[in-house]
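I am opening this notebook to record what I looked up, entry by entry, for someone who has not met this structure before.

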Amino acid sequence: GREKLRSMLDGGAGKAENDPDARAFMIYALAESGGIDNHHLDKLFVERQKLQPYGRALLALALSLQKMDQRAQKVAGEIERQAQISNTTAYWQTKRPARLDFREEDETEGTALSLKALVRLKPNSSLLPSAARWLVSQRQNGYYWSSTKDTAFAIFGLIDYVKVSRELTPSYDLEVYVNGETVLAE
């Protein structure tokens with residue numbers, strides 16, 4: 001798989017060459033699975049204004065994986081500035097070319113990946129709780145997102161957030177009463 005992705009990137013890959021978000025995904029996959037020649041990252045970094053939030057977040061993650069920290073921080077700052085912010089939520093608006101049966105607009109993927117990138121690069125960003133809140137609020141019937149793909153992306157983004165938010169290590173006191181008498185106190 002890595003060899004095929006490399007050959008697609010090196011050979012122009014037709015449609016992938018014209019779709020910077022697809023290139024960002026390919027570059028991220030290579031970076032995550034063992035590394036990539038930085039000239040692909042350099043080219044995508046220069047063209048980053050063409051990226052949707054989905055691709056921009058993948059670029060930031062790939063830059064971080066390749067230890068190109070200064071560039072990764074710059075892209076993370078751009079991610080923060082592009083957020084759509086309300087009183088309680090933040091998300092990243094995405095418009096992509098229509099493909100197969102996927103919707104043209106899908107903020108879930110872009111928001112999940114933007115959340116993941118910010119968690120890794122700016123773990124103290126004030127946008128993190130708002131983005132997590134937006135993602136969770138997008139569930140259908142309280143159980144799942146609009147597709148299995150959106151569900152996977154949402155969970156992929158939220159996993160890192162839960163780690164830095166310390167929601168997995170709560171600190172609380174507990175008292176249990178039965179008929180007015182304490183049966184447990186911790």
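Charges. I began with the charged groups of this predicted model, and found that the chain carries 25 positive and 25 negative charges, whose mean positions lie 7 Å apart.

Surface. I then looked up the exposed area of the chain, which comes to about 10700 Å², with carbon and sulfur atoms supplying 51% of it. For burial I noted that 44% of the 186 residues count as buried.

Nonpolar patch. Which residues make the nonpolar surface patch of about 460 Å²? I wrote down Tyr-172, Leu-174, Val-178, Val-183 and Leu-184 as its members. I followed up one of them, Leu-174, and placed it in the loop that runs between helix H9 (148–165) and strand S3 (175–178). Is Leu-174 buried or partly exposed? Leu-174 has a relative accessible area of 32%, and because this value falls between the 20% limit for buried and the 50% limit for exposed, I entered the residue as partly exposed.

Fold elements. Turning to the chain as a whole, I counted nine helices and four strands, and I copied their order along the sequence as α-α-α-α-α-α-β-β-α-α-α-β-β.

Extent and contacts. I noted that the C-alpha atoms fill a box of roughly 75 × 35 × 35 Å when taken along the principal axes. Finally, I looked at contacts between residues at least 6 apart in sequence, and recorded that 56% of these join residues at least 24 apart.

Conventions
Residues numbered from 1 in each chain as written. Predicted model: local features only at pLDDT ≥ 70, side-chain atom pairs only at ≥ 80, totals over all residues. Heavy atoms only, no water. Helix = DSSP H or I, 4+ residues; strand = E, 2+ residues; numbered from the N terminus. Buried < 20%, exposed > 50% of the residue type's maximum accessible area, 1.4 Å probe, protein only. Contact = heavy atoms within 4.5 Å. Areas by Shrake-Rupley, 256 points an atom, 1.4 Å probe, with all protein chains shown as cover. Lys, Arg positive; Asp, Glu negative; His and termini not counted. Charge placed at Lys NZ, Arg CZ, Asp CG, Glu CD. Patch = residues over 30% accessible without salt bridge, like charges linked within 9 Å, V, L, I, M, F, W, Y side chains within 5 Å. Salt bridge = Lys/Arg side-chain N within 4 Å of Asp/Glu carboxyl O.
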